[in-house]
Amino acid sequence: MICIVITIIIFVDIKVLCDLCTNMDSLQLVSSNKIFGGYQKVYAHESSELKCKMNFSIYLPPQADGDNVKLPVIFYLSGLTCTEQNFITKSGFQRYAAQHGIIVVSPDTSPRGVKIPGDDDSWDFGVSAGFYLDAVMDPWSKHYRMGSYVTKELYEIIQSAFSNLVDPTKFGIMGHSMGGHGALVSTLRNPGLFKSVSAFAPICNPSACPWGEKAFTGYLGKDKNQWAEWDATELVKKYDGPPLTLLIDQGAGDKFYKEKQLLPENLVEACRSVGVPVILNLREDYDHSYYYISTYIGEHFDFHAKILKA
Ligand SMILES: *[C@@H]1O[C@H](CO)[C@@H](O)[C@H](O)[C@H]1NC(C)=O
């Protein structure tokens, strides 16, 4: 009798341990290309949060070619219509990641290969428009959990599968547009998880712009209290974590900025009202594209490196 009980306890222990530790065996290498002395890789894996197969990219700078190095990590979250490919092929970030010795991880923008009625009717909702939140409405709530995917599942995969390379205490995050919203919200909802945060043309106040209203109604329902839990402008007003400076970058010629989809001024005002330091760089004539991002990505790496390598 005692024997059986002990056997069960050991069995449960092993199962719990295995759930916690992701090793390289659960990741399939999709591609690997040498760039600026390091390697730009893409891996596929079965996501437990999203219940589907997902790709993510990881850049291993030249400094990763050593035994037991401890490098900082930056997550980059992409915008609407993107996959993990846009950032790695268009931004030129690898030059700066190689210079600073920083690992860079970029997930896809929504669950993939899951068929939900209406998921590809529009470019700003459903496929490639996951908004980095955890949906509560049917039929989205089963798969559309990009919030937990990024801040729990992928975060833990990087810490365990690349444990010989990453410094688990030095994670930063950046993103573009919908991904800028994701970077801000992931940081503000989980104080201390990311030590540095910046965003290019982020959707700063989704509760008050057409993109956000559509996505939040679909994923979260009509309750505006739910919306506030995923809105950077609302979240910063009650931020109570370690000191944080938000770096916001915005092209002044950006069509979506002019159409009031992004609303950085609302976020800046909220930051000022509670004394959270914020930098807003308005870039004359730049638009919403990767031409703009590639111009300033180096400055963002300098900003993160200063904090993460302090
Ligand atoms: C992963 O990337 C490969 C190569 O681009 C692509 O063929 C595949 O469909 C992607 N898989 C997922 C789950 O997105």
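**Close-ups of a predicted sheet**

**View 1. Tyr59 stands opposite Val104 in E5.** Everything you see here comes from a predicted model, so keep that in mind as you look around. This pair sits where E3 and strand E5 (residues 103–107) run side by side in the antiparallel sense, joined over 4 bridges. Look along E5 for another match: Phe56 stands opposite Pro107. What holds strands together like this? Strands of a sheet pair through backbone hydrogen bonds, either parallel or antiparallel.

**View 2. Here's a hairpin, made by E2 and E3.** Strand E2 (residues 38–47) and E3 run antiparallel, with 9 bridges joining them. Ser47 of this pairing stands opposite Cys52 in E3. Between the two strands there are 4 residues, and Lys51 in the turn has a positive phi of about 55°.

**View 3. Now for the ligand and the residues around it.** Which residues surround the ligand? They are Val30, Ala44, Lys53, Met54, Asn55, Arg112 and Gly113. Strand E3 (residues 52–60) gives the largest share of this shell, with 3 residues. Sort the shell by class and you get 3 nonpolar, 2 polar and 2 charged residues.

**View 4. Zoom out a bit and you get an open sheet of 9 strands.** Read across, the order is E1-E2-E3-E5-E4-E6-E7-E8-E9, and the pairing is mixed. At the edges are strand E1 (28–35) and strand E9 (278–283), each of which pairs on one side only. Neighbouring strands of the sheet are turned by 20° against each other on average, if you ignore direction.

**View 5. Strand E6 is mostly covered.** How many of the residues in E6 (residues 166–176) are buried? The count is 8 of 11. One partner of E6 is strand E4 (residues 71–77), which pairs with E6 in the parallel sense over 6 bridges. Follow Leu77 across and you land on Gly175, its bridge partner in E6. E6 also pairs with strand E7 (residues 196–200), again in the parallel sense, over 5 bridges. In that pairing, Ile173 has Val197 in E7 as its bridge partner.

**View 6. A helix joins in to make a β-α-β unit.** The pieces are E6, helix H5 (residues 178–189) and E7, and the unit is right-handed. Another helix to find is H11 (residues 290–308), which lies across E4, E6, E7, strand E8 (246–251) and E9. H11 runs at about 170° to E7.

**View 7. Our last stop is Ile279, found in strand E9.** Why does Ile279 count as partly exposed? There are 13 other C-beta atoms within 10 Å of its own, and because a residue needs 20 or more to be buried and 12 or fewer to be exposed, Ile279 falls in between. Leave aside neighbours within four places in sequence, and Ile279 is in contact with Thr245, Leu247 and Ile248. Take Thr245: it is 34 residues from Ile279 along the chain, and the C-alpha atoms of the two are separated by 7.5 Å.

Technical notes. Residues numbered from 1 in each chain as written. Predicted model: local features only at pLDDT ≥ 70, side-chain atom pairs only at ≥ 80, totals over all residues. Pairing = 2+ DSSP bridges. Right-handed = clockwise from strand over helix to strand, strands pointing away. Near = placed C-beta within 6 Å. Nonpolar A, V, L, I, M, F, W, Y, C, P; charged D, E, K, R; others polar. Axes fitted to C-alpha atoms, helices over the stretch in contact; angles between N-to-C directions. Contact = placed C-beta atoms within 7 Å.
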